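Q: Hey, I'm new to this one. Can you walk me through it?
A: Sure, pull it up and ask away.

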Amino acid sequence: MSTDDRRNIWETYASAWKATGAKAKAAALSTSVADHAVYRDPLCQAEGHDKLIEYMTSFHEQVPGGHFETTYFQAHHDRSVAKWNLRNGQGLVVGEGVSYGEYDADGKLASMTGFFESPPR
(Lines give C-alpha, C1' and ligand atoms only; values in the text may rest on other atoms or scores of the structure.)
Protein backbone atom coordinates (compact mmCIF):
# COMPACT_ATOMS: atom_id res chain seq x y z
CA MET A 1 0.00 0.00 0.00
CA SER A 2 1.13 3.52 -0.72
CA THR A 3 1.43 6.35 1.78
CA ASP A 4 -1.76 7.81 0.27
CA ASP A 5 -3.59 4.52 0.89
CA ARG A 6 -2.38 4.47 4.51
CA ARG A 7 -3.41 8.10 4.92
CA ASN A 8 -6.91 7.29 3.66
CA ILE A 9 -7.17 4.48 6.21
CA TRP A 10 -5.86 6.84 8.91
CA GLU A 11 -8.34 9.58 8.01
CA THR A 12 -11.23 7.11 8.02
CA TYR A 13 -10.16 5.98 11.50
CA ALA A 14 -9.82 9.62 12.63
CA SER A 15 -13.32 10.34 11.31
CA ALA A 16 -14.68 7.86 13.87
CA TRP A 17 -13.51 10.23 16.61
CA LYS A 18 -15.66 13.00 15.10
CA ALA A 19 -18.67 10.85 14.22
CA THR A 20 -21.71 11.20 16.42
CA GLY A 21 -23.26 7.99 17.66
CA ALA A 22 -21.96 4.47 18.04
CA LYS A 23 -23.30 3.32 14.64
CA ALA A 24 -21.39 6.00 12.74
CA LYS A 25 -18.23 5.28 14.72
CA ALA A 26 -18.60 1.54 14.08
CA ALA A 27 -19.06 2.12 10.35
CA ALA A 28 -15.81 4.12 10.14
CA LEU A 29 -13.90 1.59 12.24
CA SER A 30 -15.18 -1.40 10.23
CA THR A 31 -13.33 -0.20 7.13
CA SER A 32 -10.18 1.12 8.81
CA VAL A 33 -9.43 -0.78 12.04
CA ALA A 34 -8.90 -4.52 12.59
CA ASP A 35 -11.49 -6.16 14.85
CA HIS A 36 -9.04 -6.81 17.68
CA ALA A 37 -6.90 -3.71 17.28
CA VAL A 38 -5.39 -2.20 20.40
CA TYR A 39 -5.62 1.54 21.07
CA ARG A 40 -3.36 3.18 23.65
CA ASP A 41 -2.89 6.72 24.93
CA PRO A 42 -1.75 8.18 28.28
CA LEU A 43 -5.29 7.83 29.67
CA CYS A 44 -6.55 4.53 28.26
CA GLN A 45 -5.91 1.18 26.65
CA ALA A 46 -8.78 -0.31 24.68
CA GLU A 47 -8.90 -3.54 22.68
CA GLY A 48 -11.48 -4.08 19.95
CA HIS A 49 -14.09 -1.86 18.35
CA ASP A 50 -16.59 -1.93 21.24
CA LYS A 51 -14.08 -0.74 23.84
CA LEU A 52 -12.69 1.89 21.49
CA ILE A 53 -16.19 3.20 20.75
CA GLU A 54 -16.86 3.40 24.51
CA TYR A 55 -13.71 5.47 24.93
CA MET A 56 -14.59 7.70 21.97
CA THR A 57 -18.04 8.30 23.47
CA SER A 58 -16.45 9.25 26.79
CA PHE A 59 -14.12 11.61 24.92
CA HIS A 60 -17.14 13.37 23.38
CA GLU A 61 -18.68 13.80 26.83
CA GLN A 62 -15.50 15.59 27.93
CA VAL A 63 -14.94 17.54 24.68
CA PRO A 64 -18.34 18.04 23.00
CA GLY A 65 -17.85 18.17 19.23
CA GLY A 66 -14.17 17.31 19.68
CA HIS A 67 -12.31 15.93 16.71
CA PHE A 68 -8.82 15.49 15.31
CA GLU A 69 -7.23 17.24 12.35
CA THR A 70 -4.17 15.52 10.87
CA THR A 71 -1.45 18.09 10.22
CA TYR A 72 1.35 15.72 9.14
CA PHE A 73 1.41 12.09 8.01
CA GLN A 74 4.16 9.69 6.94
CA ALA A 75 4.07 5.92 6.40
CA HIS A 76 6.36 3.05 5.48
CA HIS A 77 6.67 -0.70 6.15
CA ASP A 78 3.14 -1.05 7.58
CA ARG A 79 3.78 1.77 10.09
CA SER A 80 2.68 5.39 10.22
CA VAL A 81 3.09 8.51 12.27
CA ALA A 82 0.59 11.36 12.33
CA LYS A 83 0.75 14.74 14.00
CA TRP A 84 -2.64 16.18 14.85
CA ASN A 85 -4.56 19.01 16.43
CA LEU A 86 -7.47 18.39 18.76
CA ARG A 87 -10.28 20.80 17.93
CA ASN A 88 -13.32 21.45 20.09
CA GLY A 89 -16.89 21.80 18.84
CA GLN A 90 -16.26 25.43 17.90
CA GLY A 91 -13.23 24.43 15.82
CA LEU A 92 -10.64 25.92 18.19
CA VAL A 93 -7.38 24.01 18.71
CA VAL A 94 -7.37 22.82 22.33
CA GLY A 95 -4.52 20.30 22.12
CA GLU A 96 -2.00 18.61 19.90
CA GLY A 97 -0.24 15.30 19.74
CA VAL A 98 1.35 12.54 17.73
CA SER A 99 0.01 9.08 16.96
CA TYR A 100 1.76 5.94 15.79
CA GLY A 101 -0.07 3.27 13.81
CA GLU A 102 0.67 -0.30 12.74
CA TYR A 103 -1.24 -1.95 9.90
CA ASP A 104 -2.16 -5.61 9.43
CA ALA A 105 -1.92 -7.71 6.24
CA ASP A 106 -5.37 -6.46 5.16
CA GLY A 107 -4.21 -2.84 5.39
CA LYS A 108 -6.30 -2.04 8.48
CA LEU A 109 -4.93 -0.46 11.62
CA ALA A 110 -3.96 -3.15 14.14
CA SER A 111 -2.46 -0.83 16.74
CA MET A 112 -2.81 2.88 17.40
CA THR A 113 -0.81 4.72 20.05
CA GLY A 114 -1.44 8.38 20.84
CA PHE A 115 1.02 10.68 22.59
CA PHE A 116 -0.10 13.97 24.13
CA GLU A 117 0.17 16.00 27.30
CA SER A 118 -2.32 14.49 29.69
CA PRO A 119 -4.30 16.77 31.96
CA PRO A 120 -3.28 16.90 35.62
CA ARG A 121 -5.11 14.38 37.79
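Q: Which residue in β2 is the bridge partner of Arg40?
A: That's Gln45. Keep in mind that we're looking at a predicted model here.

Q: How many bridges join β1 to β2, and do they run parallel or antiparallel?
A: There are 4 bridges, and the two strands run antiparallel. β1 covers residues 33-41, while β2 covers residues 44-47.

Q: And what joins β1 to β2?
A: A hairpin does, through 2 residues.

Q: What about β1 and β6, parallel or antiparallel?
A: Parallel in that case, with 4 bridges between β1 and β6 (residues 109-116). If you want a spot to look at, find Val33, which stands opposite Leu109 in β6.

Q: OK, over to β3 and β4. How many bridges join them?
A: 9 bridges, and β3 and β4 run antiparallel. They form a hairpin with 2 residues between them. His76 stands opposite Arg79 in β4.

Q: Which residue in that turn has a positive phi?
A: His77, with a phi of about 45°.

Q: Changing topic: how many salt bridges are there?
A: A search of the whole structure turns up 3. As background, side chains of opposite charge can pair when their charged atoms come close.

Q: Which residue does Arg6 form a salt bridge with?
A: Asp78, and the closest N and O atoms are 2.4 Å apart. Arg6 belongs to helix α1 (residues 3-18) and Asp78 to the loop between β3 (67-76) and β4 (79-87), so this salt bridge ties together parts that lie 72 residues apart in sequence.

Q: Is Arg6 buried or exposed?
A: Buried, at 6% relative accessibility. Its partner Asp78 is partly exposed, with a relative accessible area of 34%.

Q: Which ring does the charged end of Arg6 sit over?
A: The ring of Tyr103, 4.6 Å from its centre. So besides its salt bridge with Asp78, Arg6 has this ring contact to look at too.

Q: Where else does a charged end sit over a ring?
A: Try Lys83: its charged end sits over the ring of Tyr72, 5.1 Å from the centre.

Q: Back to salt bridges. What does Glu11 pair with?
A: Arg7, with the closest N and O atoms 3.2 Å apart.

Q: How far apart are Glu11 and Arg7 in helix α1?
A: They're 4 residues apart in α1, which means about one helical turn separates them. Glu11 is partly exposed, at a relative accessible area of 28%, and Arg7 is partly exposed as well, at 30%.

Q: Which side chain meets Glu69 in a salt bridge?
A: Arg87, at 3.0 Å from N to O. That pair links distant parts of the chain, with Glu69 in β3 and Arg87 in β4, 18 residues apart. Remember that β3 and β4 are also joined by those 9 bridges.

Q: And how accessible are Glu69 and Arg87?
A: Glu69 counts as partly exposed at 31% relative accessibility. Arg87 is partly exposed too, at 22%.

Q: Now aromatics. How many aromatic pairs does the structure hold?
A: 10. Take Trp17 and Phe68: their ring centres are 5.4 Å apart and the planes meet at 80°, so the pair counts as edge-to-face.

Q: Where in the chain are Trp17 and Phe68?
A: Trp17 is in helix α1 and Phe68 is in strand β3, 51 residues apart, and the pair links those distant parts of the chain. Trp17 counts as buried, at 4% relative accessibility, whereas Phe68 is partly exposed at 22%.

Q: What other ring does Phe68 pair with?
A: Trp84, in another edge-to-face pair: 4.9 Å centre to centre, with 85° between the planes. Phe68 in β3 and Trp84 in β4 are 16 residues apart. Trp84 is buried, at a relative accessible area of 9%.

Q: Which residues do ring pairs link into a cluster?
A: Trp17, Tyr39, Tyr55, Phe59, Phe68, Trp84 and Phe116. You've met some of these already, including Trp17 and Phe68.

Methods
Residues numbered from 1 in each chain as written. Predicted model: local features only at pLDDT ≥ 70, side-chain atom pairs only at ≥ 80, totals over all residues. Heavy atoms only, no water. Salt bridge = Lys/Arg side-chain N within 4 Å of Asp/Glu carboxyl O. Buried < 20%, exposed > 50% of the residue type's maximum accessible area, 1.4 Å probe, protein only. Pairing = 2+ DSSP bridges. Phe/Tyr/Trp six-rings, centres within 6.5 Å; stacked < 30°, edge-to-face > 60°. Lys NZ or Arg CZ within 6 Å of the ring centre and 35° of its normal.
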